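Biologist: I've got the model open and I'd like to test the labels on it. Can you take me through what stands behind them?

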Amino acid sequence: MGSDRDELQAVDARLARRLGELRARQGWSLEELAERSGVSRSALSRAERGETSPTAAQLNRLCGVYGRTMSQLLSEVESEPVTVVRAAEQPVWEDRTSGFVRRSVSPPHPGLRGELVEGRLVAGADIAYDRPPVAGLEQHIWVLEGTLHFTAQDVEHRLAAGDCLRLRVWASTRFRCPGPDDVRYVLAVVLP
């Protein structure tokens, strides 16, 4: 019974933190949020400090202001992400046809917007994607070894070891390793 109560308190604490983050991201004061949501300033303040848990009606109003369903908001606070992802636990996937190996260094989590991927392409590998999984996806590509030719919006970027390209992806992309050596790079992906 004690562990259930502890978990409920932990969820309330994460919800309080998330509500504060959402308001800060909008740049709103407590007064502005109270005006937009119809929830009193004092109730908002107590909820963000974790002194009380908002009622379902209050949460529903806040979800409407933040453009989320209640399920989306609650999934963002279900559990804290694992802080350390051991190398042996990082999922690796290989596309033998194209010569692409993908290691999920820091896998996605519903409470976080970013992830890190290590990519490896053999010399001559050429991978094209017709569209991003999410329009406006932010990507940072940092080449660790070799050479990578990356194309987005019909512009080819030639990246050597140490170079970093950062952009938002709206349309098709292409990753190509011209050789003669394989390329290894880090891809940081951040949801819009």
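**Labels and what backs them**

Modeller: Happy to. This is a predicted model, and the protein's secondary structure comes to five helices and 10 strands.

Biologist: Why is the protein called more spread out than a compact globule?

Modeller: Set the value against the rule. The globule rule gives 16 Å for 192 residues, while the radius of gyration is 21 Å, well over that, so the protein counts as more spread out than a compact globule. As for the box, the C-alpha atoms fill roughly 65 × 40 × 25 Å along the principal axes.

Biologist: What share of the residues is buried?

Modeller: Of the 192 residues, 33% are buried. The cut-off for that label is under 20% relative accessible area. The accessible surface comes to about 11,600 Å², and carbon and sulfur atoms account for 50% of it.

Biologist: On to the sheet. What makes β4 and β7 edge strands?

Modeller: The sheet is open, with four strands in the order β4-β9-β6-β7 and antiparallel pairing. β4 (126-129) and β7 (155-160) each pair on one side only, and they are the edge strands. From one strand to the next, the twist averages 15 degrees.

Biologist: How do you know that β6 and β9 pair?

Modeller: Two strands pair if there are at least two bridges between them. β6 (residues 147-152) and β9 (residues 173-176) have four, in the antiparallel sense, so by that cut-off they pair. Within that pairing, A152 stands opposite T173 of β9.

Biologist: And what joins β4 to β9?

Modeller: Four bridges again, with the two strands running antiparallel. That also clears the threshold of at least two. One residue to look up there is D126, whose bridge partner in β9 is R176.

Biologist: Which side chains of β9 are buried, and which are not?

Modeller: T173 and F175 point to one face and are buried, whereas R174 and R176 point to the other and are not. In a regular strand, side chains alternate between the two faces of the sheet. β9 shows that alternation.

Biologist: Last one: which residues of helix α3 are buried?

Modeller: In α3 (residues 41-48), those are A43, L44, S45, A47 and E48. They earn the label because buried means under 20% relative accessible area. After α3 comes G50, with a positive phi near 80 degrees.

Conventions:
Residues are numbered from 1 along each chain as its sequence is written. This is a predicted model: local features need pLDDT of at least 70, side-chain atom pairs count only at pLDDT 80 or more; totals for chains, interfaces and linings use all residues. Side-chain values use heavy atoms; hydrogens and water are left out. Axes are lines fitted to C-alpha atoms, for helices over the stretch in contact, and angles run from 0 to 180 degrees between N-to-C directions. Buried means under 20% relative accessible area, exposed over 50%, partly exposed in between (1.4 Å probe, protein chains only). The radius of gyration is taken over C-alpha atoms; the globule rule is 2.2 Å times the number of residues to the power 0.38. Accessible areas come from the Shrake-Rupley method with a 1.4 Å probe; for residues, only the protein chains shown count as cover.
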